[in-house]
Amino acid sequence: MPPSITSVGSPSPSSAVMARVSLSPPLVGGGGTDANAKCSSDDSDLTTCSSPLLGIFLRTNADAPRIDASDMWDFLTLRDLYQLRSVSKSAHTALEMVEYNRCRDGKDYQVPFPAFPAILSTPEDIQNGAGLFTHQIASLRGMIRAENANTAFGALRGGVLGDAPGLGKTITMLSLIANTSGLKPVEPKEFYDNQSIDEHWKIMRTNPVFREEILRAIKHFRESSLYPWLAEEVSPPFKDERFPTLASFEKFVNRHMRRAEVPQSHLDLFRRNVNAFKAGLDKRNRRYFSNEKGRRMLFERNLVPCSATLIIVPDALLEHWAEQMRRHVNLGVLSDFGGTRGVVYVDGVGDLSEARFPLNHRQMSLPSAFDLMSHAIVVVPFSRIREQHTSAKKRTAAYAFNQYDRRRSKRDSESLAS
């Protein structure tokens with residue numbers, strides 16, 4: 001049974017600015033939308049006091065011009081929504097739950113932040129007054145609670161949505177995806193011996209022999225215009241006090257590459273290379289890394305975190321999911337850059353923003369993993385998973401045979417030599 005939900009009152013005309021979410025309680029003390037309301041002492045660091053645009057969004061600036069709901073996302077992206085909770089402790093607390101005022105029963109409901117941006121918010125949906133049903137909101141609250149029951153790395157969580165046919169399971173699942181879109185999974189804790197790493201880094205930083213290893217770690221930044229300068233700056237030996245620790249080297253590279261606006265996937269690869277450094281410099285745990293459990297821990301820490309959601313569907317339902325997203329998902333909201341391209345990838349079709357319906361499926365190879373992880377949603381059919389699984393089994397079998405053949409050849413050589 002889905003959890004029960006309670007309404008928080010009827011919608012008011014002033015909520016027009018917030019087509020999808022509105023604050024409850026208001027961040028600013030007093031009347032909330034009163035033009036003369038002042039920030040309390042606890043909220044003195046809120047940018048709503050000085051930012052008219054943020055004030056418009058948070059409905060704390062009564063003198064601000066009204067913005068039509070369909071135009072709101074010309075100013076804000078989903079990343080902006082998440083950053084609102086970082087404004088202050090008060091903002092974080094106030095934004096834990098927000099109002100959803102587009103339910104089909106005409107009532108407002110408390111839902112987890114940031115509600116369900118992008119869902120049922122296309123111009124056609126807004127014109128038709130589309131919104132989620134009560135049972136969908138109840139299911140979403142239960143699913144979000146189940147997914148956050150245990151957020152530790154590797155913990156099992158989630159569940160099964162078993163609504164009857166015709167109750168809008170596709171829209172419900174897309175709403176869940178929109179609620180967490182852009183958030184990366186929890187990463188495993190590090191277990192390296194930092195003292196041992198720092199000791200060996202001191203030797204490495206003064207030895208020009210390690211220049212090749214350093215350059216290999218930053219090779220993914222070669223397309224950046226800053227790469228020649230960076231390669232010169234981080235090439236040992238360091239005769240001054242630069243980079244006394246591996247952590248300071250990592251921080252320096254990340255800071256300058258972010259300023260150069262390199263893709264996040266390249267920064268993730270650099271982080272993986274730094275982890276390989278740590279494993280190599282951690283002499284105390286070298287023996288531990290050689291056993292099965294240690295190799296597993298290294299593998300987990302070399303994984304690149306990804307915020308994309310993978311949807312695996314029966315082949316016959318691939319077009320249904322693509323059509324539902326085309327009609328009811330505002331792709332620009334899920335994009336960090338406001339455009340519609342690079343948000344949803346449909347296997348056999350390509351970018352959803354360029355798809356033509358009915359879909360024209362064709363055999364095409366999947367983009368690279370880093371191209372796929374830059375999307376918010378990736379949809380693939382069962383047949384693709386079966387094909388990939390079969391190929392992986394063949395590669396594993398071929399590798400195992402080669403290893404066996406090498407060992408047999410080595411034994412034959414040793415027996416002949418003896």
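Me: Is Arg384 buried or exposed?
Reply: Happy to start there! In this predicted model, the relative accessible area of Arg384 is 10%. Buried means under 20%, so Arg384 counts as buried.

Me: Which residue does Arg384 meet in a salt bridge?
Reply: Look along helix α16, which covers residues 382–417. Three residues from Arg384 in this helix, a separation of about one helical turn, sits its partner. The N to O distance between the two side chains is 3.5 Å, and the partner's relative accessibility of 40% makes that residue partly exposed. The residue that Arg384 meets is Glu387.

Me: What is the distance, N to O, in the salt bridge of Glu233 and Arg242?
Reply: Let's look at the two side chains in turn. Glu233 has a relative accessible area of 23% and is partly exposed. Arg242 is partly exposed too, with 26%. Their side chains meet in a salt bridge, with an N to O distance of 3.3 Å.

Me: Which residue is linked with Glu300 and Arg301 in a network of salt bridges?
Reply: Good one to trace in the structure! Glu300 and Arg301 form a salt bridge, their closest N and O atoms being 3.6 Å apart. Glu300 is buried at 17% relative accessible area, and Arg301 is buried at 9%. The residue linked with them in the network is Arg296.

Me: How many salt bridges does the structure hold?
Reply: We have met several by name, including Arg384 with Glu387 and Glu233 with Arg242. Another one joins Arg301 and Glu300. For the structure, the number of salt bridges is ten.

Terms used: Residues numbered from 1 in each chain as written. Predicted model: local features only at pLDDT ≥ 70, side-chain atom pairs only at ≥ 80, totals over all residues. Heavy atoms only, no water. Salt bridge = Lys/Arg side-chain N within 4 Å of Asp/Glu carboxyl O. Buried < 20%, exposed > 50% of the residue type's maximum accessible area, 1.4 Å probe, protein only. Helix = DSSP H or I, 4+ residues; strand = E, 2+ residues; numbered from the N terminus.
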